[in-house]
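Let's take a walk through a protein model together. Have the sequence and the 3D view ready, and follow along.

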Amino acid sequence: MKNINVINSIMGSGKSTFFINKINDEASSTVFDSKPDKKFIVITLLLDESGRYVDACPSAEFRSPKNIKGRKLFGLNHLLQAGENIVTTHQLFKLMDRDTFDLIKGMGYTLVIDEVLDCVHQYVDLTKDDIKMLADEGLTYIDDNKRIRWSEPKYKGKFENIMPLCKNGNLIHGEKDIIIWEFPIDFFSLFDEVWIGTYLWHGSLMRSYLESHKIDVYLHGVEGGNLIPYLRGNDRQTKEHLKSLITIVDNKRLNAIGEFPPKVGKGRPRQPLSSGWFDAAASNESKDIKTLKKNLLSFFSYEALGPAGDAMWTTLKKMQSRLAGKGYTRGFVPSNAKATNEYRHKKRLAYMTNVYLSPIIKNHLNGKATDNFDDLFALSEMLQWIFRSQIRDGKPIAIYIPSARMRRLLDQWLTNKLNIDMTSLL
């Protein structure tokens, strides 16, 4: 599989412009005055972004899947049968089944992925009891690659939604009956070319996923909508400008809660604001949650005073209600928000979490997600969130980041002093 190209370039550098220009050039190119030689499938995170490609690429005459018999996947397959150029979302693309596979095969499609795919995650819709019952009744079996396969094609019942996942090879039976959902790697081989546009590629799960399958990619940069060779540090000038626009709160009282505590007794203390830290603080009725909420209110009320509509904040979903407060509650934006322009007017930001990759996923990726990766993954997630705000339009923002680790990563990124051994990730 030698056709996967990655444009690893900072937000706003022209990745989408390059894709649009490529599509317009190639979708209008014909052979002997027949139909265009190139076909495209473009997938975006959000429907709004899909519309951008429809409007910007008139020669491609993009079609979006409609519901057929209540399912958009049938609509996608219908468009593929007709050989149409298609624009759709990540969510629908992830539902592709083997019928879709057969329709794409040999059709000469180029795949354009605007932002990395969610290629691997823990699947939580099957309990240990479910797994045992399905196996005991002979409905499923585990193949040589640890994939869960379905045995009974005429089954009707509670687990019908599992059947296509088993047929695709999406579900992997891991240790301790943990189920991993994984995008079928052979789907990428169906396309003449695959193009992926993102930033901090080395900190993405998609990079680790492809590497775990021993698949290499071609890295590129982009400048002004034109493809250039990928070089580390080619975003230095952009970050110099961003540094002048981003005010990171430097208040010892507000930041004290996010400092890594000294080792006390046996074991290692939890990283402040990590998922485990929040769980421990909540279960022990710790004062830390109250302090964090008080700090958050202080930031929006005194450090960065302004109208409620300017406020944007995030934390783990399970902590949202515990940290919500007067003057900023409605400004909550999930920490995994990407691509959307809905919040580009926000200028007072609070990032109330400390991101780590799930140990389950790290273990599944066979060591391809290293400790270096943990920091790059965390930085990538935070930057995507920050760039939902008005910084994407070159306007100033103020941001409160109580986690000392996350604050350090942002500062090191802005000053080109990121202390990460990239050689282990290249």
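Is D177 buried, partly exposed or exposed? With a relative accessible area of 31%, D177 is partly exposed; buried means under 20% relative accessible area, exposed means over 50%, and partly exposed is in between, using a 1.4 Å probe and protein chains only.

A quick word on what you're looking at. This is a predicted model, where local features need pLDDT of at least 70, side-chain atom pairs count only at pLDDT 80 or more, and totals for chains, interfaces and linings use all residues. Residues are numbered from 1 along each chain as its sequence is written, and side-chain values use heavy atoms, with hydrogens and water left out.

So how sure is the predictor? pLDDT is its confidence in each residue, from 0 to 100. The chain averages 89, and 92% of the residues score at least 70. Residues 421-426 stay under 50, and there the model has 13 contacts beyond four places in sequence; contact means heavy atoms within 4.5 Å. Where pLDDT is low, don't read the predicted coordinates in detail.

**Residues with a positive phi**

D177 has something else going on: its phi is positive although it is not a glycine. L200 is also not a glycine and has a positive phi, but L200 counts as buried, at 13% relative accessibility. Here they are, along with N416:

| Residue | Phi | Place |
|---|---|---|
| D177 | about 60 degrees | loop between strand 8 (171-173) and strand 9 (179-182) |
| L200 | about 55 degrees | loop between strand 10 (193-198) and helix 8 (205-212) |
| N416 | near 55 degrees | follows helix 16 |

Helices (H or I, at least four residues) and strands (E, at least two) are DSSP runs, numbered from the N terminus. Helix 16 covers residues 404-414 and is mostly covered itself, with eight of its eleven residues buried. Among them are M406, L410 and W413.

**The cores**

W413 turns up again in the largest nonpolar core, which has 89 residues. A nonpolar core is a set of buried Ala, Val, Leu, Ile, Met, Phe, Trp, Tyr and Cys residues joined through side-chain atoms within 4.5 Å. Along with W413, the residues with the most contacts inside this core are L171, F188 and M206. Helix 15 (residues 371-386) gives the most to this core, with nine residues. Apart from it lies another core, made of 24 residues, including F278, I289, A324 and Y328.

Look at L171 for a moment. Not counting residues up to four places away in sequence, L171 touches several others, including Y123, I148, L165 and W181.

**A pocket**

L165 is also one of the residues that lie nearest the centre of the second largest pocket, together with R71, N161, M163 and P164. This pocket is lined by 28 residues and has a volume of about 640 Å³. On a 1 Å grid over the protein atoms alone, a pocket is an open set of points where a 1.4 Å probe fits, with protein on both sides within 12 Å along at least five of seven lines; lining residues have an atom within 4 Å of a point. The volume is the space filled by probe spheres set on the points, which are joined across faces, edges and corners.

Which helix gives the most to the lining of the second largest pocket? Helix 7 does, with six residues.

Key. pLDDT is the predictor's confidence in each residue, from 0 to 100.
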